[in-house]
Amino acid sequence: YISIPDSSALVIRIPTDYCLLASALRVPARMQVLLKQRSGIRPSQPGRRAVQVRAVAAPVKSAAATAKTPLVTPEVAKDLYYDMVLGREFEEMCAQMYYRGKMFGFVHLYSGQEAVSTGVIRLLRPDDYVVSTYRDHVHALSKGVSAREVMAELFGKKTGCCRGQGGSMHMFSSKHNLLGGYAFIGEGIPVGLGAAFQSKYRRDVLGDEKADSVTCSFFGDGTCNVGQFYESLNMAALYKLPHVFVVENNLWAIGMSHLRATSRTSGDVDPYIYKKGPAFGMPGVLVDGMDVLKVRQVAQEAIERARRGEGPTLIEAETYRFRGHSLADPDELRSKEEKARYQARDPIPQLKAYMLEQGLATEADIKEIEARVAEEVDDCVKFADESPKPERGQLLENVFADPRGFGIAEDGRYRYQQPGFSSGTAVVS
Amino acid sequence: MLASRNARVAVGHRVATAPVNRALLAARPGRCGLIATKAQKKEIMMWEALREAIDEEMERDPTVCVMGEDVGHYGGSYKCTLGLYKKYGDMRVLDTPICENGFTGMGVGAAMTGLRPIVEGMNMGFLLLAFNQISNNCGMLHYTSGGQFKVPMVIRGPGGVGRQLGAEHSQRLESYFQSIPGVQLVACSTVRNAKALLKAAIRSDNPVIFFEHVLLYNVKGEAGGAEELACLERAEVVREGTDVTIFTYSRMRYVVMQAVNDLVKKGYNPEVVDLISLKPFDMETISKSIRKTRKAIIVEECMKTGGIGASLSAVINESLFNELDHEVVRLSSQDVPTAYAYELEAATIVQASQVVEAVERVCGSRAMALA
């Protein structure tokens with residue numbers, strides 16, 4: 001992991017040289033070779049100032065910390081493990097339910113990417129915000145939305161978190177500050193910026209000293225070619241918004257390889273999204289997105305930075321989805337070798353091995369966690385199955401926050417005041 | 001009835017000084033003193049009324065903020081936020097970079113989390129770039145979130161055909177936005193209703209798209225006080241009449257009223273209804289008027305195809321068919337991009353003479369009516 005210099009002020013240098021970073025982040029040697037081959041050998045330029053991220057407090061472990069000392073406490077490790085296993089089992093259950101005809105439409109599963117969601121979101125406070133794309137089930141679960149509500153939403157039942165009106169791609173929770181769930185990639189990022197703006201506004205304009213909530217936006221490599229991404233990078237850096245951009249680079253946007261869709265920075269062989277951060281004036285970090293502890297470490301820095309009011313960070317997490325883009329995707333373009341390579345880096349067995357090795361959990365603990373997850377997933381399916389479907393009368397209830405927006409009918413009353421309105425139509429005449 | 005001087009300016013006769021140019025030239029902070037003097041007089045210009053509305057609402061509610069291009073230090077391209085940044089600071093009157101989709105989305109996120117942003121499109125046409133955010137997020141999020149988040153934002157800006165501004169600066173977006181579920185469309189037309197409606201829109205919990213008109217910013221009139229709000233869903237009966245109802249909105253109201261001057265001399269008695277609420281339609285006012293006059297003419301500035309008039313015409317046919325003595329006549333702009341040349345631009349939009357001719361056609365000549 002990132003080596004810590006022996007001083008009270010902790011400065012973590014984020015090298016722009018890919019190879020140095022790979023070794024700094026303790027990427028396995030074989031992977032380093034692969035990365036070297038991908039990135040080309042480019043000597044680091046000594047004259048260039050590396051982007052610096054300053055830590056908020058003295059590190060929990062002393063400067064003499066070695067690889068032998070665990071990075072997290074047993075409680076945290078078990079929470080991370082629980083969250084990742086819940087995410088995985090939930091998504092696998094979604095696949096089953098979809099093929100059994102319990103849910104329809106476009107369902108995008110997160111299997112394989114759990115380390116990113118768990119690594120970032122489990123660090124957030126309840127008043128922090130999360131914005132996602134259509135691959136949002138696990139972000140919802142990590143943020144605290146109950147599995148029951150998510151599964152019921154997927155089944156289209158009125159007990160779903162969005163009363164069955166959102167569906168797989170539009171998970172919202174005002175209680176847990178999950179701002180969606182967006183089908184058009186890129187359109188959620190400015191919304192996340194708005195939440196960050198609100199946080200800064202509360203502090204600077206409304207004078208609330210305690211207002212320091214942070215917003216994390218999650219999106220993929222494909223989104224990094226959408227104009228709104230760049231508009232958002234610019235505004236976030238310009239206004240120093242407490243926002244963290246988390247790119248879940250799983251190399252594929254449906255069938256479009258990241259390498260075919262994205263141009264390279266001059267001198268590079270492969271495209272790097274994290275390099276776009278410094279271009280806009282914020283730190284850009286590349287992290288191994290299959291290792292939850294590494295993601296957590298980087299996210300910790302970024303979130304604390306944002307909370308201190310120092311502005312946004314761009315995190316590129318190298319990750320992979322084990323399933324196709326959606327349940328309708330035949331997934332024929334990705335090679336078996338690539339899939340196997342990433343399956344070998346599955347974040348859940350990685351964390352399990354780490355916990356056992358470091359003595360953070362016993363086999364019995366792990367079995368107990370897995371049993372708890374299995375029970376929760378079964379329970380949420382049962383709940384969703386038994387939940388009632390939305391009635392016709394629900395159709396018009398949430399179109400407007402103020403139902404006067406439906407207008408005034410011929411008899412002079414507001415349309416919503418007329419009896420039987422909500423089981424009627426929104427037609428004007 | 002409006003003072004004929006105002007009507008002439010608004011109608012855009014060549015003899016009147018071009019209001020748009022004057023506005024741009026005069027947009028300097030030094031005008032603040034001048035504004036104070038003007039406020040003491042009874043009549044103010046529409047841009048001042050809008051500015052008053054924004055100022056009063058920002059003072060009343062600290063969560064109200066403005067976002068847009070050049071709204072802060074520049075004071076707004078049409079001076080609607082002149083000097084407000086000095087009073088409220090750079091964060092409450094936020095100068096955004098040129099990224100409509102981005103900052104409109106930022107407005108949506110801010111609205112969802114408790115603020116009440118007013119997003120200004122420097123020209124309504126620029127909001128085409130923000131269509132993603134306006135349609136998907138602004139309009140729909142209250143619904144797709146199952147009612148968990150509301151989006152109390154106002155999207156405002158000048159639209160309509162100006163004075164030879166070219167096709168892209170002369171767009172009428174009310175017809176493009178009218179299908180978006182979950183938004184309300186409001187078009188102001190006088191100083192009084194502009195201020196009252198904008199205040200109501202800011203206080204509304206629904207997303208409101210507020211249409212102003214480039215040529216109406218210098219129209220003079222009396223504005224209401226700090227607590228005068230207009231109903232966002234009500235139409236305004238501009239002139240009571242018996243022969244025919246002319247439905248209109250925004251700048252076309254002045255064109256219609258100029259035509260009414262001629263029509264009255266010719267012996268007609270038209271009723272003029274300013275729609276104000278382009279979506280939803282005020283069916284009470286509309287149906288009452290049609291039951292009375294039994295004839296309807298729609299005079300609008302947007303294109304014929306898929307315009308506000310098209311929707312209104314369909315609605316009138318469906319619900320008031322038996323009340324009509326004549327088919328609904330629509331006078332809309334030609335389905336052409338607005339040319340730069342004055343003559344072609346004038347031929348694109350509805351002129352007062354066309355309104356007179358339509359009323360004569362619909363009502364028949366006065367000699368026949370009196371017989």
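This note sets out points on the cores, the chain interface and the salt bridges of a predicted model.

1. Largest nonpolar core. This core holds 147 residues, and the members that touch the most others are M151(A), F197(A), F245(A), M112(B), F247(B), I286(B) and I316(B). Helix 3 of chain A, residues 74-99, gives the most to this core, with 13 residues. In soluble globular proteins, nonpolar side chains tend to be buried together.

2. Surroundings of F197(A). Neighbours within four places in sequence being set aside, F197(A) is in contact with L241(A) of its own chain. From chain B, the contacts of F197(A) are C65(B), M67(B), M91(B), L94(B), M106(B), A110(B) and L115(B).

3. Second core. Apart from the largest core lies another, of 39 residues. Its members include I44(B), V71(B), L82(B) and C188(B).

4. Annotated domain in chain B. An unreviewed UniProt entry lists residues 44-219 of chain B as "domain: Transketolase-like pyrimidine-binding". In the model, this stretch is 36% helix and 18% strand. The C-alpha atoms at its two ends are 8 Å apart.

5. Extent of the interface. Between chain B and chain A, about 4500 Å² is buried, with 64% of it on carbon and sulfur atoms. The contact involves 57 residues of chain B and 53 residues of chain A.

6. Polar features of the interface. Across the interface of chain B and chain A, 24 residue pairs are in polar contact, both residues being at pLDDT 80 or more. The elements giving two or more residues to the chain B side are strand 2 (64-68), strand 3 (93-95), helix 6 (100-112), helix 7 (131-139), helix 8 (141-144), helix 12 (283-293) and helix 13 (308-320). Helix 6 of chain B provides the largest share of that side, nine residues. The count of salt bridges between the two chains is one. The side chains of E410(A) and R291(B) form a salt bridge, at 2.4 Å from N to O.

7. D205(B) and K150(B). Over all chains the count comes to 54 salt bridges. One of the salt bridges joins the side chains of D205(B) and K150(B), at 3.3 Å from N to O. The pair links distant parts of the chain, 55 residues apart: D205(B) is in the loop between helix 10 (191-203) and strand 7 (208-213), and K150(B) is in the loop between helix 8 and strand 5 (154-159). D205(B) is partly exposed, with a relative accessible area of 25%, and K150(B) is partly exposed at 34%.

8. E236(B) and R253(B). The closest N and O atoms of this salt bridge are 3.0 Å apart. E236(B) belongs to strand 9 (residues 236-239) and R253(B) to helix 11 (residues 252-266), so the pair ties together parts of chain B that are 17 residues apart in sequence. E236(B) is partly exposed, at 26% relative accessibility, whereas R253(B) counts as buried, at 5%.

9. R294(B) and E323(B). In this salt bridge the closest N and O atoms are 3.6 Å apart. R294(B) is in the loop between helix 12 and strand 13 (296-303), and E323(B) is in the loop between helix 13 and strand 14 (329-333), so placed that the pair links distant parts of the chain, 29 residues apart. R294(B) is partly exposed, with a relative accessible area of 27%.

10. Salt-bridge network. In chain B, a network of salt bridges links E52(B), E56(B), E57(B), R60(B), K195(B), K199(B), R203(B) and E227(B).

Conventions. Residues numbered from 1 in each chain as written. Chains lettered and ligands numbered in written order. Predicted model: local features only at pLDDT ≥ 70, side-chain atom pairs only at ≥ 80, totals over all residues. Heavy atoms only, no water. Core = buried A, V, L, I, M, F, W, Y, C linked by side-chain atoms within 4.5 Å. Buried < 20%, exposed > 50% of the residue type's maximum accessible area, 1.4 Å probe, protein only. Helix = DSSP H or I, 4+ residues; strand = E, 2+ residues; numbered from the N terminus. Contact = heavy atoms within 4.5 Å. UniProt positions renumbered as here; feature names shortened; annotations may be inferred. Buried area = accessible area lost by both parts, 1.4 Å probe. Salt bridge = Lys/Arg side-chain N within 4 Å of Asp/Glu carboxyl O. Polar contact = N/O pair within 3.5 Å; in protein donor to acceptor, adjacent residues only side chain to side chain.
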